[in-house]
Amino acid sequence: MKVTVIGGGPGGLYFSILLKKAVPDCSVSVYERNKADDSFGFGVVFSDETLSEFLTRDPQSYDLIRTKFAYWDELDVARDGEKVRITGNGFCGCSRKTLLQLLQQRCREEGVELHFEANVDDLSQFSDSDIIVAADGINSGIREKYTEEFGTEIEMKSNRFVWLGSSRPLDSFTYFFRTTPYGTFVAHTYQYEEGMSTWIFETTDETWQKAGFSVTDEEDTIKKISEIFKEELDGHGLISNRSHWRQFPVITNKKWNTDNIVLLGDAKATAHYSIGSGTKLAMECAIALADSVIKYKTDTQAVFANYEKLRRNRVEMIQHAANVSLQWFEDMDRHIQHDFMKFAFSVMTRSKKVTFENLALRDPSFTQKVLEDFNTGEGNKNTSASAAFTPFTLRGMTVENRIVMSPMEQYNAKDGLVTDWHLMHYGARATGGIGLILTEATAISPTGRITLGCPGIYTTEQIVNWKRVTNFIHQNSASKIGIQVGHSGRKGAVQFPWEDSNSTIENAWELLSASPIAFNENMNIPKEMTLEEMDIITEQFVNASKNADEAGFDMIELQAHHGFLLASFLSPLTNIRKDEFGGSIENRLKFPIRAFTAMRAAFPADKPMSVRISASDWADDGITEEDVIAITEAFKNAGADIINVSTGLTVANQKPAVGRMWQTPFSDMVRNTVHIPTITAGYIQDIDQINTILLNGRADLVALGKTLLLDPAFVRNAQAYEQYNAHDLDSLGIPKPYVSAVSHLYPYKGGERRAIENMKKALKPVTHKK
């Protein structure tokens with residue numbers, strides 16, 4: 001078997017070592033365009049987990065690396081002179097040049113042929129190779145030649161960064177943040193050998209432009225950066241090595257192979273340096289590719305299929321985490337405004353891989369400081385209270401905890417009337433401890449319903465039935481209840497989802513929308529609203545507000561999301577009007593703001609109002625970030641107390657990026673740009689995620705939807721899991737008939753948590769500290 005590797009970086013070299021070691025009679029040759037002792041950049045980083053993998057795969061390589069690396073267990077976050085240390089983060093730094101030399105040494109020991117200063121432009125010279133490994137880096141010439149076959153996509157991100165070195169010694173990985181008149185700068189720093197450390201400086205393109213940097217002027221870069229980070233460098237200089245300012249390319253490939261060519265390392269997929277995974281990713285993929293070749297030999301299709309099976313999901317997960325982390329740094333100017341401990345916690349949890357509980361296991365002193373800082377800032381007397389179980393006030397309404405029941409359609413109303421089902425549904429979640437219940441979308445008129453099973457708030461009988469629900473909740477729990485008021489617009493008159501979702505019912509009523517655009521091919525084309533119809537709808541919203549107060553609701557949430565009537569005015573995908581209500585976002589806002597303003601005037605001043613918006617359409621040419629900011633500012637100025645930030649469902653051809661806590665970045669953007677409280681939602685499943693979101697300032701309240709459908713006691717279980725107020729049961733608001741269950745639930749959930757924590761500790765990689 002003959003294998004040719006194009007590219008002598010860590011991934012290509014490590015793959016060659018593992019393959020040649022396992023199959024000695026295999027011919028393995030590496031072709032590298034640079035000299036053997038060339039190296040660009042300074043240090044590379046490995047976690048304890050990756051080092052353990054190296055140890056099991058090739059102890060000789062591990063031993064060589066271990067003799068040369070700098071190890072740390074601490075991570076520091078520093079901002080303008082303030083600093084906090086977080087322990088329990090085992091990593092090592094190693095000189096990239098040294099790492100390459102050590103891997104080259106191992107290649108020679110195993111009999112791998114190394115060719116340097118060998119720039120490969122034509123693969124025909126390797127026509128006798130069974131497998132060609134394209135490990136030729138970010139700017140892979142092979143990938144570029146076969147872009148269509150690989151399905152290559154490259155997205156150039158906006159932030160600017162530059163790699164430099166310094167003689168400044170460091171005893172931990174440190175993020176140094178500096179605020180300047182131009183904007184925020186950050187230095188990602190770590191020591192990789194005695195007397196040498198890596199310094200990656202990063203900033204937004206806007207800040208970079210304002211500061212007057214040049215891409216290739218290394219002397220000017222060093223001069224300006226040295227002045228900005230004068231304190232941090234502590235008298236030490238900066239060292240360049242082709243240190244030009246760059247923008248990070250996010251590279252993905254739909255296929256990792258074509259014919260007998262397979263991609264490896266940055267040629268295949270890039271991971272932003274902020275999670276320290278580029279070299280790690282390349283070498284771990286090298287292990288999987290070597291294992292696949294060892295198993296299937298010259299059966300290239302089986303080799304490549306197994307390689308993708310072993311690594312595709314893992315690579316995409318790491319890339320996603322890296323992209324989320326990258327986005328955080330692109331939004332540094334937004335996060336820098338937080339108090340220091342909240343900011344430091346935000347740095348640590350930015351990729352969503354690390355949570356409050358993860359950090360508490362590593363360094364409980366740090367998480368205790370974060371919790372104390374949060375509670376002090378919120379004015380809470382109990383500074384050690386879990387973030388989720390702290391009160392929150394909007395106007396005259398105070399919720400006992402930060403957990404919200406998200407509006408979830410039940411489709412069980414009869415002629416717009418709520419039934420015993422709704423009493424049970426909302427009552428169970430209230431006695432289960434939810435801080436704030438938001439009802440399903442409740443229509444302002446018969447033709448404002450989504451389905452025939454949706455409730456309304458436009459008749460006296462409906463008020464009476466709703467009052468039965470609100471009275472039960474107020475009498476039997478500490479929960480507050482808000483009603484989501486809305487009009488379905490072009491998404492109305494559809495069948496139940498379990499029958500034929502998004503298909504029109506028989507004898508459907510006339511639909512209204514901003515523009516005559518059907519939601520999909522199975523639904524009717526709506527009528528473009530006239531001024532007269534806007535007057536009628538506005539009056540119906542006002543009437544609904546008065547009825548909601550009479551029905552005993554503590555709060556109103558206006559439905560202006562998911563492409564329903566008011567939302568159809570806000571998105572350019574659903575509003576193509578040519579009059580004063582179309583075109584600019586200011587025009588598109590006119591009718592929704594008019595309706596909200598009239599509602600606010602009709603609803604008691606001491607009761608809060610929320611607006612639920614879609615902050616992304618997940619479709620080309622949809623609503624923009626600038627639109628969202630304008631929308632939330634307009635509602636804030638009109639008297640909105642909180643914004644419930646959702647996304648999508650505006651158009652049928654949306655392509656949302658769904659994942660854990662996937663909508664929190666949008667809530668973060670609204671909350672910390674417009675400076676208005678927010679509710680977030682979206683695949684949030686446990687109390688740890690809720691606490692993490694609240695503590696890093698991404699939202700003020702956290703809404704759960706499907707999580708609560710089959711678990712109405714979610715809050716009670718979470719309180720027991722955290723042993724919240726175990727010695728003050730009266731403060732929990734548990735109905736008296738249920739209080740006796742606490743003596744069973746609290747010990748059980750406490751033991752469950754200890755078991756989980758012990759498992760996490762047992763699975764934690766061993767330290768490789770020398």
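# Close-up views of a predicted model

**Figure 1. The buried residues of helix H2.** In helix H2, which spans residues 48-57, the buried residues are Asp-48, Thr-50, Leu-51 and Phe-54. These residues lie on the same side of H2, because the arc they cover around the axis is only 160°. Several elements pack against the buried residues of H2. The helices among these partners are H1 (10-22), H3 (59-66) and H10 (278-296). The strands among them are S3 (43-47), S4 (70-79) and S5 (82-95). As in every view that follows, the structure shown is a predicted model.

**Figure 2. The two assigned domains.** The domain assignment of the protein places domain 1 at residues 2-332 and domain 2 at residues 386-724. Between the C-alpha centres of domain 1 and domain 2 the distance is 45 Å. An unreviewed UniProt entry carries the annotation "domain: NADH:flavin oxidoreductase/NADH oxidase N-terminal" for residues 389-719. Within residues 389-719, helix accounts for 36% of the chain and strand for 15%. The C-alpha atoms at the two ends of this stretch are 8 Å apart.

**Figure 3. The nonpolar cores.** The largest nonpolar core consists of 122 residues. The residues with the most contacts inside this core are Val-77, Phe-177, Phe-366, Ile-403, Phe-635 and Ile-690. Both domain 1 (2-332) and domain 2 (386-724) contribute at least three residues to this core. Apart from it lies another core, which has 54 residues, including Val-28, Cys-107, Ala-135 and Phe-304.

**Figure 4. The surroundings of Val-77.** Val-77 is one of the residues with the most contacts inside the largest nonpolar core. When residues up to four places away in sequence are not counted, Val-77 touches Glu-82, Lys-83, Val-84 and Ile-86, among others. The contacts of Val-77 also include Tyr-175 and Phe-177. Further along the chain, Phe-340, Phe-343, Ala-344, Val-347 and Met-348 touch Val-77 as well.

**Figure 5. Asp-80 in the loop between S4 and S5.** Asp-80 is located in the loop that joins S4 and S5. Is Asp-80 buried or partly exposed? Its relative accessibility is 31%, so Asp-80 counts as partly exposed. Asp-80 and Arg-178 are 98 residues apart along the chain, yet their C-alpha atoms are separated by 5.4 Å. Leaving aside residues up to four places away in sequence, Asp-80 touches Phe-177, Arg-178 and Thr-179.

**Figure 6. Salt bridges of Arg-312 in helix H11.** Arg-312 forms a salt bridge with Glu-308, with 3.0 Å between the closest N and O atoms. Both residues belong to helix H11 (residues 300-330), where they are 4 residues apart, about one turn of the helix. Arg-312 counts as buried because its relative accessibility is 14%. Glu-308 also counts as buried, at 17% relative accessibility. In addition, Arg-312 forms a salt bridge with Glu-316, and here the closest N and O atoms are 3.5 Å apart. Glu-316 and Arg-312 are 4 residues apart in helix H11, and therefore about one helical turn separates them. Glu-316 has a relative accessible area of 40% and is partly exposed.

**Figure 7. Arg-311 and its contacts.** Arg-311 is found in helix H11. With a relative accessibility of 8%, Arg-311 counts as buried. Not counting residues up to four places away in sequence, Arg-311 touches Trp-256, Leu-281, Glu-284, Cys-285 and Ala-288. Ile-287 lies 24 residues from Arg-311 along the chain, and the C-alpha atoms of these two residues are separated by 9.9 Å.

**Figure 8. The salt bridge between Glu-378 and Arg-402.** The side chains of Glu-378 and Arg-402 meet in a salt bridge, with an N to O distance of 3.0 Å. Glu-378 lies in the loop between helix H15 (364-377) and strand S16 (392-394), whereas Arg-402 lies in the loop between strand S17 (397-399) and strand S18 (403-405), so the pair ties together parts that are 24 residues apart in sequence. Glu-378 counts as partly exposed, at 30% relative accessibility, whereas Arg-402, at 1%, counts as buried.

**Figure 9. A network of salt bridges.** How many salt bridges does a search of the whole structure find? The search finds 39 salt bridges. Lys-21, Asp-58, Arg-106, Glu-109 and Glu-110 are linked by salt bridges in a network.

Technical notes
Residues are numbered from 1 along each chain as its sequence is written. This is a predicted model: local features need pLDDT of at least 70, side-chain atom pairs count only at pLDDT 80 or more; totals for chains, interfaces and linings use all residues. Side-chain values use heavy atoms; hydrogens and water are left out. Buried means under 20% relative accessible area, exposed over 50%, partly exposed in between (1.4 Å probe, protein chains only). The arc is that of the directions from the helix axis to the C-beta atoms. Contact means heavy atoms within 4.5 Å. UniProt positions are given in the numbering used here, feature names are shortened, and annotations may be inferred rather than shown by experiment. Domain bounds come from an automatic or database domain assignment. A nonpolar core is a set of buried Ala, Val, Leu, Ile, Met, Phe, Trp, Tyr and Cys residues joined through side-chain atoms within 4.5 Å. A salt bridge is a side-chain nitrogen of Lys or Arg within 4 Å of a carboxyl oxygen of Asp or Glu.
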